[in-house]
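Thanks, everyone. I'll take one structure today and walk through it piece by piece. Please have the model open as we go.

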Amino acid sequence: MADLLRLLLRVAEKAANVARVCRQEAPLFQLLVQEKTGDDKNKKFVQDFKTLADVVIQEVIRHDVGAQFPEMAGFIHGEESNKFENGLGESVTVTVCGTEEETAALLSTVLDGDHTAASLLARAIHQDPTTIDTSTDGLTVPLSPSELGIWIDPIDATSQYIEGREEVLEEGHLSPSGLHCALVLIGVYLRSTGEPVMGVINQPFNNKDPAGGGWRGKHFWGVSCGSINVCSVSRPKDGAGRGLSVVLSSSEKQVVKEALTSLCGPDKLVYASGAGYKILCVIQGLADAYVLSEGSTFKWDSCAPHALLRALGGGVVDLSKTLQSNVGPQDHKTELTYHQPYTECKGADRWANHGGLVAYRDCSQLCSIIGALKGKL
């Protein structure tokens, strides 16, 4: 498991490099944006984007993990379909080839013969990132790769990534939108139970190098398996008497906003973009919980950050099931799981978190939130 974690941290950093390269090359970026259609269209956004960056990142992770752990190859799932259409209407399946030249040639067919753009991307794909510093050496978890599956969200908050607004992050403050909301999410779950056991989050656009002006990233990771709970983020100190704060999507239902305003007070409701970023805010202690009443997130959005929250003593529950449950939320029966699709749905919706969710660090705060929402939805 320590080997797998080290590999995921490395491929997440490689993915972050690809995301940065795609943003830095403006003409390349214009070329990459393609709208999602049909069953893969996420209903939440009127204009959702499918970027080659997304697909390339997903395939890099799939390729590198499958190469080192072949027994996981059939269980590496991503948000994106790796079929792409070029300007000639030809369908091209994007994969990572054996050499940089071969990958560049394949990408060139997607990019309508733009060899410069294809070469830039291929270089980022085949370049090994600088060594990631982690204290994973003593980590022993009694699981084998053949028991595990992976969910990848190549760029969560794609709309923020494409808009590309640069915000300076203030320590200890939640920043509602901008490039920093775009995250690479890699979550590992148990195939037998669907429990999230490991998560890696890479924030490619965390801060700018004062000298060179290039973007630098930041990574977060967590492992939660039985009695083993380790996280790169230390559990935030609970500020006594500061009240409960909740992060929401700005499009959240009015009835939810009103119920939570009564519970927390109006100044304790904050808004931010990206499901992954909102859960990261809870992990970092920038908010106590994230509440979403809609089924507009997916397994790939929540799997990685869910593992980090579990390692910190929290979790992510299905809101609808928790509201209907007769037992207290703390018995973990309504925690999200990651191994079974909704067979009655099609396309991406098979993997939606249909009942909405609450991401939390503290069980007593979860109980307060569920209490406030009971009978309202």
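Let's start with a side-chain pair. The side chains of D288 and R361 are joined by a polar contact of 3.1 Å. Keep in mind that this is a predicted model.

Where does D288 sit in the chain? It is in the loop between α8 and β13, with β13 covering 289-292. Is D288 buried or exposed? Its relative accessible area is 1%, so D288 is buried. The cut-off for buried is under 20%.

D288 has another polar partner. A polar atom of its side chain lies 2.8 Å from the backbone nitrogen of S245. So much for polar atoms; now the wider surroundings. Setting aside neighbours within four places in sequence, D288 is in contact with R242, G243, L244, S245, V282, A359, Y360, R361 and Q365. Both polar partners, S245 and R361, are on that list.

Next, the helix before that loop. Helix α8 covers residues 275-283. How many of its nine residues are buried? Nine of the nine, so α8 is largely enclosed by the rest of the structure. The buried residues include A275, Y277, K278 and L280. Note K278 there: a lysine, and buried. Just after α8 comes G285, with a positive phi of about 80°.

Two residues of α8 take us to our next stop. Y277 and L280 both touch Q203. Q203 lies in strand β8, residues 196-208. It has 3% relative accessibility, so Q203 counts as buried. What does its side chain meet? A polar atom of the Q203 side chain lies 3.0 Å from the backbone oxygen of H180. Beyond four places in sequence, Q203 also touches L169, A182, L183, R216, G217, K218 and F220, among others.

Now the nonpolar cores. The largest has 63 residues. Which members touch the most others? L8 and Y161. Helix α1, residues 2-24, gives this core its largest share, 13 residues. Apart from that core lies another, of 39 residues. F220 and A275 are among its members, as are V247 and L357. We have met two of those already: F220 touches Q203, and A275 is in α8. As a general point, nonpolar side chains tend to be buried together in soluble globular proteins.

On to the aromatics. The structure holds five aromatic pairs. Take W151 and W351. Their ring centres are 4.9 Å apart and their planes are at 65°, so this pair is edge-to-face. The cut-off for that label is over 60 degrees. The pair links distant parts of the chain, 200 residues apart. W151 is in strand β6, residues 148-156. W351 is in the loop between α10 and β15. Both are buried: W151 has 2% relative accessibility, so it counts as buried, and W351 is buried with a relative accessible area of 13%.

Compare F298 and W300. Their ring centres are 4.8 Å apart and their planes are at 5°, so the pair is stacked. F298 and W300 are buried too. How do these four fit together? Ring pairs link W151, F298, W300 and W351 into a cluster.

Some rings carry a charge over the face. R191 lies over the face of F75, 3.5 Å from the ring centre. K299 lies over the face of Y338, 5.5 Å from the ring centre.

One residue from a less covered spot. R123 lies in helix α5, residues 115-126. It has 45% relative accessibility, so R123 counts as partly exposed. R123 and V18 are 105 residues apart in sequence, yet 9.0 Å apart in space, C-alpha to C-alpha.

Last, the whole protein. It has eleven helices and 15 strands. Of its 377 residues, 56% are buried. Among contacts between residues at least 6 apart in sequence, 70% join residues at least 24 apart. The protein exposes about 15,700 Å², and carbon and sulfur atoms supply 49% of that.

Key:
Residues are numbered from 1 along each chain as its sequence is written. Side-chain values use heavy atoms; hydrogens and water are left out. Helices (H or I, at least four residues) and strands (E, at least two) are DSSP runs, numbered from the N terminus. Buried means under 20% relative accessible area, exposed over 50%, partly exposed in between (1.4 Å probe, protein chains only). A polar contact is a pair of N or O atoms within 3.5 Å; within protein, one must be able to donate a hydrogen and the other to accept it, and residues adjacent in sequence count only if both atoms are side-chain atoms. Contact means heavy atoms within 4.5 Å. A nonpolar core is a set of buried Ala, Val, Leu, Ile, Met, Phe, Trp, Tyr and Cys residues joined through side-chain atoms within 4.5 Å. Accessible areas come from the Shrake-Rupley method with a 1.4 Å probe; for residues, only the protein chains shown count as cover. Rings of Phe, Tyr and Trp (its six-membered ring) pair if their centres lie within 6.5 Å; planes under 30 degrees apart count as stacked, over 60 as edge-to-face and the rest as tilted. A charge sits over a ring if NZ of Lys or CZ of Arg is within 6 Å of the ring centre and within 35 degrees of the ring normal.
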